[in-house]
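Me: I would like to work through how a protein–DNA model is read, one feature at a time. Where should we begin?

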Protein chains: 2
Amino acid sequence: MLTKEQLIEYSEDARKNYLDHISIDCVVFGFHEGQMKVLLLKPQDEEKWLLPGGFVMKAEPIEMAANRILEERTGLDKIFLQQFHIFGDPDRAKFHHDLYKDTVPDQQNWFAKRFLSIGYYALVDFFGVVPQADQFSELCTWRDLDDMPGLLLDHELIFKTALDTLRLQLNYQPIGYNLMPREFTMPELQKLYETILDKKLDRRNFQRRILGFGILNRAEQPRKGGAHKAPYLYSFDLDKYQNALTEGFKGGW
Amino acid sequence: MLTKEQLIEYSEDARKNYLDHISIDCVVFGFHEGQMKVLLLKPQDEEKWLLPGGFVMKAEPIEMAANRILEERTGLDKIFLQQFHIFGDPDRAKFHHDLYKDTVPDQQNWFAKRFLSIGYYALVDFFGVVPQADQFSELCTWRDLDDMPGLLLDHELIFKTALDTLRLQLNYQPIGYNLMPREFTMPELQKLYETILDKKLDRRNFQRRILGFGILNRAEQPRKGGAHKAPYLYSFDLDKYQNALTEGFKGGW
DNA sequence: AACAATGGTGTATAAAGTACACAATTGTAA
DNA sequence: TTACAATTGTGTACTTTATACACCATTGTT
């Protein structure tokens, strides 16, 4: 929790630089060891957590704002971002207002405003991220999708909406380039799909379908060294992948 | 075009009642005589047209704002609305700013601000709508989808995005309840789909697919009186329709 | 050498999508 | 009255896609 003075200083700064009433919240997905991860912040002196978020500078395109905000949290630039919804309930963000309402007048508290929040989801390379807390938080870290803590404000809703959108996208767009390492095996990619969809897929049918999309290149050499049969390594054909992103697939899972 | 005084008065009013920096633009689709229609406004002294739009009151949920704005333009209440994107380019709405920049100082011109616009599309009953121009416009009327005039600002982009979204929704959601009269024939419904998708569909396969969704009731009596064979009349089963809206279909066209 | 675990490939079957044919009804023209 | 065009209802063969399941190959372990 900020001191009264810190809050007022932050507020003055924000009033100068940021658009009123607009915030951005991001659901950052990563994938590691067969687990879907979400980047979360733990505010100081709070039980519940928050999605990484921020504000839009007065002359900044919103997509650029989302990128800037996530670069601060992850160290990554040029993140794959997808705007998915705007959350505009008048009471969605009374939290910071209530927190300080007795000590700081609303005029001086940037957070006392009503905020509409633009929801972005991001797909990022787990290993590329160096989580970095912001000034309100004591912790910024990955959390497993099936071990999510409670979230403040309406961030549960934002998260859930992002996940639903991602699942829908899976039906008509390729997913994975931003989440997988450069080279990966078919079972690894399948695990990603299974994690996002939260259900088992048939190994053989998955392989046929994915290969049918025609966006993968198979490496000459299989991966050696592990136990069991050596699996082939695949990588995304970026040209065809980008094309599939724009054109879209048919059908559903 | 407003006079200087009108603009200043409007601006004072708006500053009091509306959220800064946020606007709403709506793409209202109707269907009549086998043609897809969009509700457009023709501003005074302008060649190009605009989508109906407005602002969000300080304590008003955004969905309610969209509803209020459209009620003013159409006379309809409880409109089927779908938020589909937020348009946030910093330069997207410099139009009204430029128009008055020499006569009204930015401080007094509500339109001189930067606006992020929330895009909603609406599906409405063509006959239920009584188009009503706003104070900036000389005309509010339906335009054919294939006879669209030029649009101001980024409204071409907003319109196009809405149409793309609608086409996508067609793949996994029922469409039609809000666009068709209570009773309609299968060829009439097919025409709606063909118009939205802008392509011919096979009559027999369309019928099978639509009936397969299980959201239609067939009336006892076919429609009499027309030339040619009397077609059956169908209506949507609202319960099943609503359920399909939530649950969604599979596959694509 | 047998075995468990994993991965690659194939095949039979079911479901869905596509293409097309034919019969029924109704108004119009000959 | 009859032939015809236009429109609608229904069926059927074919193709493509989805699903379920079987078999073999490779590698480390026992």
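Me: Which residues are closest to DNA strand D, and how many surround DNA strand D?
Reply: Start with the list of neighbours. In this predicted model, DNA strand D is surrounded by 19 residues. The closest are A:R204, A:N205, B:R203, B:R204 and B:Y232. Of the strand D atoms that come within 4 Å of the protein, 47% belong to sugar and phosphate.

Me: Which parts of DNA strand D pair with N or O atoms of A:N205, A:H228 and B:Y232?
Reply: Look at both partners of each atom pair. The side chain of A:N205 places an N or O atom 3.0 Å from a base nitrogen of strand D. For A:H228 a backbone N or O atom is 3.2 Å from a sugar or linking oxygen of that strand. B:Y232 also uses a backbone N or O atom, 2.8 Å from a phosphate oxygen of strand D.

Me: Which elements supply the surface near DNA strand D, and what classes of residue does it have?
Reply: Map the residues onto elements, then sort them by class. α6 of chain A and α6 of chain B each give at least two residues to this surface. Its residues divide into 4 nonpolar, 5 polar and 10 charged.

Me: What does the same reading give for DNA strand C?
Reply: Of the 19 residues around DNA strand C, the nearest are A:R203, A:R204, A:Y232, B:R204 and B:N205. Sugar and phosphate make up 49% of the strand C atoms within 4 Å of the protein. A phosphate oxygen of strand C lies 2.8 Å from a backbone N or O atom of A:Y232. Two base atoms can be added: a base nitrogen is 2.6 Å from a side-chain N or O atom of B:R204, and a base oxygen is 3.1 Å from a backbone N or O atom of B:K229. At least two residues of the surface near strand C come from each of α6 (203–213) of chain A and α6 (203–213) of chain B. By class that surface has 4 nonpolar, 5 polar and 10 charged residues.

Me: How is the area buried between chain A and chain B read?
Reply: Interface size is often given as the accessible area lost when the parts come together. Chain A and chain B bury about 2,000 Å² between them, with carbon and sulfur atoms giving 65%. On the chain A side, A:Q83, A:I86 and A:R114 lose the most area, together 25% of what that side buries. Each chain brings 24 residues to the contact.

Me: How many salt bridges and polar contacts cross the interface of chain A and chain B?
Reply: Count each kind separately. There are 0 salt bridges, but 8 residue pairs are in polar contact. β1 (18–32), β3 (53–57), β4 (80–87) and β5 (116–123) of chain A each supply at least two residues of the side that touches chain B. β1(A) gives the most, with 4 residues.

Me: Where are the domains of chain A, and how far apart are their C-alpha centres?
Reply: Take the bounds, then the separation, then the contact. The assignment gives domain 1 (4–169) and domain 2 (186–247), and their C-alpha centres lie 32 Å apart. Each domain contributes 8 residues to the contact. They bury about 630 Å² between them, 75% of it on carbon and sulfur atoms. A:F31, A:M36 and A:R167 supply 63% of the area that domain 1 buries against domain 2.

Key:
Residues numbered from 1 in each chain as written. Chains lettered and ligands numbered in written order. Predicted model: local features only at pLDDT ≥ 70, side-chain atom pairs only at ≥ 80, totals over all residues. Heavy atoms only, no water. Near = heavy atom within 4 Å. Polar contact = N/O pair within 3.5 Å; in protein donor to acceptor, adjacent residues only side chain to side chain. Nonpolar A, V, L, I, M, F, W, Y, C, P; charged D, E, K, R; others polar. Contact = heavy atoms within 4.5 Å. Buried area = accessible area lost by both parts, 1.4 Å probe. Salt bridge = Lys/Arg side-chain N within 4 Å of Asp/Glu carboxyl O. Domains from an automatic or database assignment.
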